[in-house]
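Let's take a friendly walk through a protein model, stopping at a few residues and contacts along the way. Please have your viewer open.

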Amino acid sequence: KSMDELLTDCLLQAIKAHIKDKDLPIEASGLFAMVLRARRRGSWVDVSSSSFKKASVFLARMEKEGLLRLATKNGVTKVTEFNRGHPLVKGYSPYPPDESEGA
């Protein structure tokens, strides 16, 4: 898989297996740290090796794709909502959380 696909998979894993709606809003930097920890144990994910190059660009693209909603206030960007009804989210089969790097 490409690094872009791996990052998207990590986001979907985080949405489906790690982050509950009651955890929102969450600062974008905190979410991205959770996304990186959601990767499969032993795998490697690096946003700078993707076409996005930066976490902020990745999250903005995911918002454009309809996976989440971002809000910025006083220079702090937060994720305020996940679209759990999005086809990518609904169609994603998460692996057990204990197989993720952050377990």
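What follows is a short report on aromatic pairs, helix packing and two individual residues.

## The model and its aromatic rings

Before we start, keep in mind that this is a predicted model. It holds two aromatic pairs. One of them joins F32 and F58 in an edge-to-face arrangement, with 6.0 Å from centre to centre and 70° between the planes. F32 belongs to helix 2 (residues 28–37) and F58 to helix 3 (residues 55–64), so this pair ties together parts that are 26 residues apart in sequence. Both F32 and F58 are buried.

F58 also pairs with F52, again edge-to-face, with the ring centres 5.1 Å apart and the planes at 70°. Like F58, F52 is buried. Taken together, F32, F52 and F58 make up one aromatic cluster.

## Helix 1 against helix 2

Two packed helices are described by the angle between their axes and the distance between the axes. For helix 1 (residues 3–18) and helix 2, the angle is about 100° and the axes are 8 Å apart. That makes helix 1 roughly perpendicular to helix 2.

If you would like to highlight the contact, select L7, C10, L11, A14 and H18 in helix 1, which meet L31, F32, M34, V35 and L36 in helix 2. The residues of this contact divide into nine nonpolar, one polar and no charged. F32 is thus a residue to look at twice: it takes part in the contact with helix 1 and in the aromatic cluster.

## M62 in helix 3

M62 lies in helix 3. Is M62 buried or exposed? With a relative accessibility of 5%, M62 counts as buried, because the cut-off for buried is under 20%.

Leaving aside neighbours within four places in sequence, M62 is in contact with T8, L11, F52, L67 and L68. Two of these names have come up already: L11 appears in the contact between helix 1 and helix 2, and F52 in the aromatic cluster. For a sense of scale, the C-alpha atoms of M62 and E99 are separated by 24 Å, with their positions 37 residues apart along the chain.

## H86 in its loop

Where is H86 found? H86 sits in the loop between strand 3 (76–82) and helix 4 (87–91). H86 is buried, with a relative accessible area of 12%.

A polar atom of the H86 side chain lies 3.0 Å from the backbone nitrogen of L88. Beyond its neighbours within four places in sequence, H86 is in contact with E65, G66 and L67. L67 is also on the contact list of M62.

Definitions and conventions: Residues numbered from 1 in each chain as written. Predicted model: local features only at pLDDT ≥ 70, side-chain atom pairs only at ≥ 80, totals over all residues. Heavy atoms only, no water. Phe/Tyr/Trp six-rings, centres within 6.5 Å; stacked < 30°, edge-to-face > 60°. Helix = DSSP H or I, 4+ residues; strand = E, 2+ residues; numbered from the N terminus. Buried < 20%, exposed > 50% of the residue type's maximum accessible area, 1.4 Å probe, protein only. Polar contact = N/O pair within 3.5 Å; in protein donor to acceptor, adjacent residues only side chain to side chain. Contact = heavy atoms within 4.5 Å. Axes fitted to C-alpha atoms, helices over the stretch in contact; angles between N-to-C directions. Parallel < 35°, antiparallel > 145°, perpendicular 65-115°, else oblique. Nonpolar A, V, L, I, M, F, W, Y, C, P; charged D, E, K, R; others polar.
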